[in-house]
Amino acid sequence: MEPLKDTLQTLQDEALRRIESAADAIALESLRVEYLGRKEGRLTQILRSLAQLSADEKKAIGQQSNQVKGLLEEALTRKQESIEKEKIDLSLKTSLDLTLPATPWMRGKCHPLTQVMDDIVSVFTRLGFNIAEGPEVETDFNNFTALNHPPDHPARDSHDTFYVKDFKDGANVPLLMRTHTSPVQVRYMTTHKPPVYIVSPGRVFRHEAVDATHSYVFHQVEGLAIDTDISLADLKGVLSLFAKSLFGGDGGIRFRPSYFPFVEPGIEVDISCTLCQGKGCSVCKNTGWIEMLGAGLVNPKVLRTVGYDPEQVSGYAFGIGAERVAMFKYGINDIRLFYENDLRFLKQF
Ligand code: FA5
């Protein structure tokens, strides 16, 4: 009779060969039962016959049987995995239609006003301006007095101010919701020495009736440059670059005299209407120009208030209405659309 050792080797070779060529999961399962089945399995039967062997033989054949068992189990698992993979590959090949539209991904993005403010700010940071921010609840001093609006100054009336009930500053004057971003100028200059080059984006508040072009909460981007020998020509240069970067076109801008107590001279800046190339259209009300911001050379009184010497330094400041820029850039005719959070509107940006 063939020694048990050889029988085991033959069984191992045969089983491995058959497992490798099993056609499917059913064939594989019946091979598992045939060789490793608990009752009738061929290997199990061999193990059962060990009882009749001597102690030495039992040990040697026992070890070999365990080895064979391990090898067969490994081969069965490997084969099962490869059969499953083949099955998946086949079903992908036959049922996956890459031309079907995919399930859409809802991706969040920045609000159009945030995008526009980022665009504005990046024009100036590329020129070397730093970003400075200030609080929305301000002192009367920073919002008005330091900006040359003494308590009885009539220009205060043009800012319909929200006061913060029951909260006062150190001088017992009521706090307020800032009406413009200009108080950041004061905060920055009182804590930094010249030269100063900053932009300050932020939210401002005015107790105004809401209509298509006015809101009681809106956004501005303030700019301030203080250095030696700064003139209106410098202001014109940066604003022209701003217009060209944001709206394309030739960067045409126009200065009109205006009045803000904290600048002298004060100007309002119009940008050449890129929708009609300055020829006149309904958006620019046939003027060829769009009013975009207030600006001017910083009033020496303000410089003195923050501790600068107007004999040594001069500067310009500007305040851009972010909603106005966004409305013009995207052809939006009602400011209220920005605040309604209607996804049909927001998804367009
Ligand atoms: C100011 O607020 C000045 N602080 C700007 C300034 C800064 C002048 C530095 C000189 C130097 P004004 O009130 O004009 O100025 O507002 C500036 C811009 O904010 C306007 O051109 C307009 O685009 C926008 N704006 C003003 N009021 C509203 C409002 N109710 N709703 C939406 N945008 C507004």
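The shell around the ligand holds 10 nonpolar, 10 polar and 4 charged residues. In this count Ala, Val, Leu, Ile, Met, Phe, Trp, Tyr, Cys and Pro are nonpolar, Asp, Glu, Lys and Arg are charged, and the others, Gly among them, are polar. The model is predicted, so local features need pLDDT of at least 70 and side-chain atom pairs pLDDT 80 or more, while totals for chains, interfaces and linings use all residues. Residues are numbered from 1 along each chain as its sequence is written, and side-chain values use heavy atoms, without hydrogens and water.

Start at the ligand. It is surrounded by 24 residues (a heavy atom within 4 Å). The closest are His180, Ser182, Arg206, Glu208 and Ser215. Three polar contacts (N or O atom pairs within 3.5 Å) can be followed here. A side-chain N or O atom of Arg206 is 2.9 Å from a ligand oxygen. A side-chain N or O atom of Glu208 is 2.9 Å from a ligand nitrogen. Ser215 uses a backbone N or O atom, 3.0 Å from a ligand nitrogen. The protein covers 93% of the 680 Å² of accessible area that the ligand has on its own (Shrake-Rupley method, 1.4 Å probe).

Now turn to the helices (DSSP runs of H or I, at least four residues). Helix α1 (residues 4-20) packs with helix α4 (residues 55-95) at about 0°, their axes 10 Å apart. Axes are lines fitted to C-alpha atoms over the stretch in contact, and angles run from 0 to 180 degrees between N-to-C directions. Therefore α1 is roughly parallel to α4 (angles under 35 degrees). Their contact has 12 nonpolar, 4 polar and 3 charged residues.

Methods: Polar contact = N/O pair within 3.5 Å; in protein donor to acceptor, adjacent residues only side chain to side chain. Helix = DSSP H or I, 4+ residues; strand = E, 2+ residues; numbered from the N terminus. Parallel < 35°, antiparallel > 145°, perpendicular 65-115°, else oblique.
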